[in-house]
Amino acid sequence: MSEAPVPARARERADALRELLHDHAHRYYVLDAPSLPDAEYDKLFQELQALEEQHPALRTPDSPTQRVGGKVLDGFGKVRHKVPMLSIRTETDIEASGARNFDARVRRELGLAETDPPIGYVAELKFDGLAINLRYEHGTLVQAATRGDGEIGEDVTQNIQTIGQIPLRLSTVRPEPVEGSAPTPVRPELVEGQARGASTGSARTASSPLPPPPVLEVRGEVYMRRDDFERMNELQREKIAKGAKNEKTFVNPRNAAAGAVRQLDQAITRQRPLSFFAYGWGEITPPEEGGPAFETHHDVLQAMKAWGLPVSDRVALAHGAEDLVAYHQAVGRERDGLPFDIDGVVYKVDNLALQKRMGFVTREPRWAVAHKFPAQEQVTTVESIDIYVGRTGKLTPVARLKPVFVGGVTVTNATLHNEDEARRKDVRVGDTVIVRRAGDVIPEVVAVVPDKRLHEAQLFTMPRLCPVCGSEAVREEGEVDYRCTGGLFCGAQRKQAILHFVQRRALDVEGLGEKLVDQMVEAGIVKTLPDLYRLGLVALVALERMGEKSAQNLLAGLEQSKKTTLPRFLYGLGIRHVGETTAKDLARYFGRLDGVMDASPEQLLEVPDVGPIVAESVHTFFQQPHNREVVEQLRACGVHWEEGEPPVRAPKPLAGKTVVLTGTLPTLTRDEAKDMLEAAGAKVAGSVSKKTDYVVAGAEAGSKLEKAQALGVAVLDEEGLQALLKGEL
């Protein structure tokens with residue numbers, strides 16, 4: 001049965017939708033300048049989907065709907081490259097002479113004398129990702145393949161289609177430039193043909209784009225931005241902390257990008273934040289067969305940009321060796337600030353006729369070279385594992401390393417993030433490890449070299465006491481980090497505690513800012529909060545840039561701050577999870593500070609909007625002798641507020657009782673039953689123990705019911721629960 005003809009109006013609408021969606025995708029992914037709100041884009045996308053469902057003949061390979069798939073491959077097919085993807089010679093001299101050496105070789109190859117004019121070059125970034133060949137036929141992406149061994153790669157078309165920056169169809173109309181869409185060049189006079197005397201090639205490609213050739217193979221790099229990589233790894237750590245199986249963090253952006261491209265499940269690739277830059281080409285229809293004619297390498301890159309392919313704005317035209325040196329040094333200075341990893345720069349002879357004349361040696365072009373930067377990953381040994389306590393009390397294990405030069409600096413410390421991450425990587429003192437440093441990211445241990453492990457290497461265990469102040473270190477439920485509980489006493493948290501205490505919404509000490517707090521702490525005149533109220537004029541005037549008048553004003557501000565309110569005081573103590581609203585709730589419920597300090601977790605749970613995490617945090621804070629001592633000293637220094645009596649409350653029938661819910665109840669949801677129990681004063685626990693008073697069991701109750709029966713814990717059904725709530729049991 002033949003398919004019904006497609007109405008002309010439907011075909012025209014589908015064509016218009018594809019054009020609009022392609023243009024928006026280019027503006028969104030390549031220019032970073034969206035032209036449509038997300039909701040409007042989704043609406044148009046769904047309209048195109050509906051048209052293609054109604055008329056399958058409208059579904060084209062370059063349709064935006066074809067980015068959305070879900071097929072799991074059995075394996076990757078092999079692709080023989082029409083033009084081999086050759087490697088580029090590496091210049092190992094990372095100093096300026098590396099660029100001069102290349103220029104000298106080029107001049108020798110071309111037989112140029114010292115008096116001959118300088119050579120024109122294209123200078124590009126050497127991206128640290130996965131090389132890809134994109135094949136376009138009549139402007140439509142038909143195949144994507146990895147480099148492989150240079151001759152044969154793997155067909156990864158489906159996965160590459162998920163990358164928004166890669167157009168499924170090349171554009172024939174150059175989009176208007178968007179102000180501010182291009183990054184700042186590393187050196188303006190070396191970017192986009194501005195170098196002195198550099199050949200700009202054909203003006204036609206720069207002003208009015210050529211149509212794409214019948215066949216065009218685009219060579220480029222799939223990579224992952226640093227911020228995307230960090231966000232992805234943070235999500236992975238959260239999954240691991242919650243007990244997810246078969247999850248892991250990724251070693252570096254390059255490995256993450258390469259692994260995503262080679263996923264057999266396209267849905268997984270789509271979840272990975274991949275990006276792309278084009279920098280070269282393979283097969284291209286020659287001019288005599290209808291292809292465009294180019295004079296320079298730079299011309300081709302400009303044409304690719306006009307066709308909608310992302311080309312780095314840090315491509316530069318250089319004129320002779322000294323411009324190459326300047327480019328290498330400029331990029332080296334900017335390297336850490338780039339949003340993606342590079343491991344060097346690439347120099348190419350710009351003139352295509354000269355490229356052809358120079359040719360190749362073995363499998364490398366004579367007309368190009370990669371000039372490397374210092375490696376961002378190195379191997380060293382772990383000399384110790386110490387604990388760093390941050391300004392907020394977070395405990396972070398830090399590997400102390402045998403000094404190693406990584407990414408242009410000497411690294412002696414690397415973060416292990418948290419206990420779970422340290423154990424997952426199984427980092428031990430004495431281990432040989434791979435250390436990574438990239439951009440502003442703190443150096444980290446990414447992997448252990450197991451073959452070099454010493455026999456006496458010991459497992460890492462997070463200490464249960466803060467190494468700075470000796471207070472208890474706790475890990476809250478659902479958290480991955482341990483935190484010091486001695487917030488008002490701990491030296492590591494001193495500045496943060498003081499700044500929080502004196503801020504406007506807390507004790508409101510006028511004139512006491514971050515720089516002055518830094519000076520006080522560094523001078524040793526303020527070690528704890530009460531020391532603020534023991535300051536004298538002489539000590540303050542001795543501080544840098546502190547005159548007598550300013551010191552008197554500060555002392556007056558401190559004296560004025562002594563009269564406050566209980567909510568402000570509670571908030572100023574910096575108790576974890578206690579914001580202004582919670583501080584007001586606590587003050588309103590208990591009336592007096594002593595009531596808050598002496599409350600049990602169960603009593604704290606009775607405060608409106610206070611849940612188990614906040615209750616445990618408040619209770620733990622005031623159980624620390626150091627914190628109670630600071631509070632008493634502040635009172636002794638004259639900090640005061642009006643206190644009231646807590647309102648009289650009827651006793652709750654289940655106060656002090658622990659109940660566990662399991663199975664499905666006939667009429668109540670689990671949350672409804674939990675709310676009712678907590679309102680009656682009970683603590684609802686997640687597991688059964690000897691301290692459990694009741695287990696409420698519904699249909700399909702499992703191991704919790706069995707454990708309750710084994711321990712002799714009272715078991716109730718929903719009817720029994722209702723009786724318990726009414727006080728009838």
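Student: Is the crossing of α3 and α10 left-handed or right-handed?
Tutor: The model is predicted, with local features needing pLDDT of at least 70, side-chain atom pairs counting only at pLDDT 80 or more, and totals for chains, interfaces and linings using all residues. Residues are numbered from 1 along each chain as its sequence is written, and side-chain values use heavy atoms, without hydrogens and water. Helices here are DSSP runs (H or I, at least four residues; strands E, at least two). The crossing of α3 and α10, with clockwise turning of the near helix by less than a right angle, is right-handed.

Student: At what angle do helix α3 and helix α10 pack?
Tutor: Helix α3 covers residues 97-109 and helix α10 residues 321-334, and their axes lie 8 Å apart. The helices are roughly antiparallel, since the angle (on a scale from 0 to 180 degrees; over 145 is roughly antiparallel) is about 150°.

Student: Which residues of α10 make the contact?
Tutor: Contact means heavy atoms within 4.5 Å. On the α3 side, A99, R100, F102 and D103 take part. Their partners on α10 are A321, E322, L324 and V325.

Student: Which element gives the most to the lining of the second largest pocket?
Tutor: This pocket (an open set on a 1 Å grid where a 1.4 Å probe fits, with protein on both sides within 12 Å along at least five of seven lines; lining atoms within 4 Å of a point) holds about 1400 Å³ of space. Its lining has 49 residues, with L86, R219, Y279, W281 and W367 nearest the centre. Six lining residues come from the top contributor, β8.

Technical notes
Angles under 35 degrees count as roughly parallel, over 145 as roughly antiparallel, 65 to 115 as roughly perpendicular and the rest as oblique. Grid points are joined across faces, edges and corners, and a volume is the space filled by probe spheres set on the points.
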